[in-house]
Amino acid sequence: MPQNLRGMDKSVDYLIVGSGIIGLSIARSLKRRDSSSTILLIDKEEQLAAHASGRNSGVLHAGFYYTADSLKARFTVEGNKALKQFCSDNGLAINECGKLIVAADESELPGLDELARRGRSNGAQLEIVSAEQAKEIEPRAHTFERAIYSPATATVSPAQVVTKLAEVIQAQGVELALGVRYLGFDGGKVHTSGGVVTCGRLINAAGLHADKIAAQFGFGLDYTILPFKGLYLKYAKNKTDINTNIYPVPNLRNPFLGVHFTKTVDGTIKIGPTAIPAFWRENYKGFSGFSAAESLVILSREADLFLRNSFNFRNLAFEELQKFNKRYFIGLAKKLAPGIDENGFGEFGPAGIRAQLLKKSSRELVQDFVVEGDEFSTHVLNAVSPGFTCAFPFGEYVVDEYIL
Ligand SMILES: Cc1cc2nc3c(=O)[nH]c(=O)nc-3n(C[C@H](O)[C@H](O)[C@H](O)COP(=O)(O)OP(=O)(O)OC[C@H]3O[C@@H](n4cnc5c(N)ncnc54)[C@H](O)[C@@H]3O)c2cc1C
């Protein structure tokens with residue numbers, strides 16, 4: 001069971017802020033390097049997987065989308081294998097349902113071919129299949145001339161993975177304190193809602209709040225989080241109507257993959273996620289997590305991007321906001337699988353919010369993971385998709401390159 005630190009002052013080798021998949025994976029890697037190190041992992045939430053690590057699509061990606069020079073390309077193929085191994089070692093379910101990437105029409109073929117090129121150079125397993133072969137894999141899928149089939153893409157339950165990983169690392173001696181919030185630091189002492197922690201190093205894996213913590217240490221100063229909300233619609237009619245993940249060819253200038261069909265670990269079908277600009281960091285539903293000060297900063301940033309139309313933000317915002325309209329949203333999914341029953345969709349499911357980094361000076365969305373730090377602190381920024389898939393090798397990388 002997670003422990004609570006309230007009222008206790010502590011001294012540890014490593015204090016990790018954030019018990020999402022990234023914080024947990026870094027703790028795992030630190031213990032693998034030195035089993036005697038003392039590690040305290042804190043999270044402001046009372047339960048695990050409350051944010052992106054429990055609110056994502058649960059897809060173990062195969063490595064197509066990322067340019068060869070990126071950290072995402074370097075870790076996706078290996079991360080996919082490592083998480084599958086973790087699931088099978090720990091008796092967690094995996095749905096090895098594969099994935100098709102389909103082209104809507106001729107204009108999307110160059111994009112499809114670029115994905116195949118990137119996938120090959122990243123060492124991802126893939127097959128180019130004809131439109132007829134694509135139909136054999138998934139009778140409802142529609143593609144123009146050809147498609148990419150990825151046998152290695154699979155789905156897991158992200159919350160189950162996070163819970164098991166927390167259990168495994170606690171058994172190795174990592175202390176996990178839930179409901180404990182990082183508040184600030186001064187002179188080597190870290191203030192938390194549970195007391196003062198003295199640590200050899202602070203590791204910031206705080207997801208949607210990582211940019212603010214990094215800035216307190218003088219890092220990531222040219223970055224800010226621009227939150228994007230991912231909504232899903234569950235297809236409630238029949239689990240067998242779609243049997244594989246079906247993705248469109250995305251606009252590769254943005255880090256979003258477009259509305260797609262996900263075949264979840266229990267066979268349920270859902271469409272999404274959207275990438276709707278959010279108005280505050282934890283803008284999941286209604287006014288939950290609302291902060292007027294934070295909202296003001298984010299809204300003025302979005303207004304600036306909108307007016308300047310940086311990275312085509314105006315079109316992105318218009319396109320994404322339409323997805324609040326269920327008919328429009330379902331219409332996009334129907335292009336991938338025209339035979340699906342549009343009346344079979346239920347309500348919007350729990351949303352996830354991407355901790356997407358914006359480079360302030362150039363007003364661009366950052367594509368790759370970013371890590372910064374010095375001998376006292378390490379900050380993981382932009383751990384966006386496929387951050388879940390990459391978590392194990394990325395955790396090793398952060399430890400080897402930035403900590404030890
Ligand atoms: C809609 C959506 C779909 C996605 N789909 C996929 C997918 O299919 N496959 C994939 O590989 N990736 C996917 N991703 C990306 C993946 O979810 C993330 O890369 C990953 O979960 C990031 O993990 P994290 O640990 O950095 O963040 P989080 O899970 O957000 O963890 C950060 C933690 O820090 C805590 N925290 C914040 N501030 C403080 C503080 N002051 N004090 C203490 N604790 C604090 C938070 O409570 C939180 O628990 C998706 C993401 C989204 C949003």
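The following exchange examines how the domains, helices and ligand shell of this predicted model are described.

User: What kind of model is this, and how are its residues numbered?
Analyst: Residues are numbered from 1 along each chain as its sequence is written. The model is predicted: local features need pLDDT of at least 70, side-chain atom pairs count only at pLDDT 80 or more, and totals for chains, interfaces and linings use all residues.

User: How is the protein chain divided into domains?
Analyst: Domain 1 comprises 10-53 + 159-221 + 367-403, and domain 2 comprises 59-156 + 228-354. These bounds come from an automatic or database domain assignment. The C-alpha centres of domain 1 and domain 2 lie 27 Å apart.

User: Which residue numbers are in contact between the domains, and what makes a contact?
Analyst: Two residues are in contact if their C-beta atoms, placed from the backbone, lie within 7 Å. By that criterion, 17 residues of domain 1 are in contact with 22 residues of domain 2. On the domain 1 side, α5 and α10 each supply at least two residues, and α10 gives the largest share, six residues. Helices (H or I, at least four residues) and strands (E, at least two) are DSSP runs, numbered from the N terminus. That side of domain 1 divides into 11 nonpolar, four polar and two charged residues. Here Ala, Val, Leu, Ile, Met, Phe, Trp, Tyr, Cys and Pro count as nonpolar, Asp, Glu, Lys and Arg as charged, and the others, Gly among them, as polar.

User: Why is the ligand said to lie between the two domains?
Analyst: Domain 1 and domain 2 both give residues to the shell around the ligand, so the ligand lies between them. A residue is near a molecule or strand if its C-beta atom, placed from the backbone, lies within 6 Å of it. The shell has 40 residues, of which Gly18, Gly20, Gly207, Gly230 and Gly387 come nearest. The elements α1 (21-33), β2 (39-43), β21 (352-354) and α10 (387-403) each supply at least two shell residues. By class, the shell has 17 nonpolar, 17 polar and six charged residues.

User: Why is α1 called roughly parallel to α5?
Analyst: The axes of α1 and α5 (residues 158-171) come within 10 Å and cross at roughly 30°. Axes are lines fitted to C-alpha atoms, for helices over the stretch in contact, and angles run from 0 to 180 degrees between N-to-C directions. Angles under 35 degrees count as roughly parallel, over 145 as roughly antiparallel, 65 to 115 as roughly perpendicular and the rest as oblique. The angle therefore makes α1 roughly parallel to α5. In this contact, Ile21, Leu24, Ala27, Arg28 and Lys31 of α1 meet Val162, Leu165, Ala166 and Ile169 of α5. The contact has seven nonpolar, no polar and two charged residues.

User: What makes α1 oblique to α10?
Analyst: The two axes come within 8 Å and cross at roughly 40°, and that angle makes α1 oblique to α10. Residues in the contact include Ile22, Ile26 and Leu30 of α1 and Phe388, Phe392 and Val399 of α10. By class, there are 10 nonpolar, four polar and three charged residues.

User: How do the crossings of α1 with α5 and with α10 compare in hand?
Analyst: A crossing is left-handed if the near helix is turned anticlockwise from the far one by less than a right angle, and right-handed if clockwise. On that basis, α1 passes α5 in a left-handed crossing, whereas the crossing of α1 and α10 is right-handed.

User: Why is α2 described as roughly perpendicular to α10?
Analyst: The axes of α2 (residues 71-89) and α10 come within 6 Å and cross at roughly 100°, which makes α2 roughly perpendicular to α10. Among the contacting residues are Phe75, Ala82 and Leu83 of α2 and Cys390, Pro393 and Phe394 of α10.

User: What makes the backbone at proline 273, proline 386 and asparagine 312 worth examining?
Analyst: Most residues other than glycine have a negative phi, and most peptide bonds are trans. The peptide bond from glycine 272 to proline 273 is cis, with omega near -10°; proline 273 is in the loop between β18 (269-272) and β19 (276-277). The bond from serine 385 to proline 386 is also cis, with omega near 5°, and proline 386 lies in the loop between β25 (377-381) and α10. Asparagine 312 has a positive phi of about 60° although it is not a glycine.
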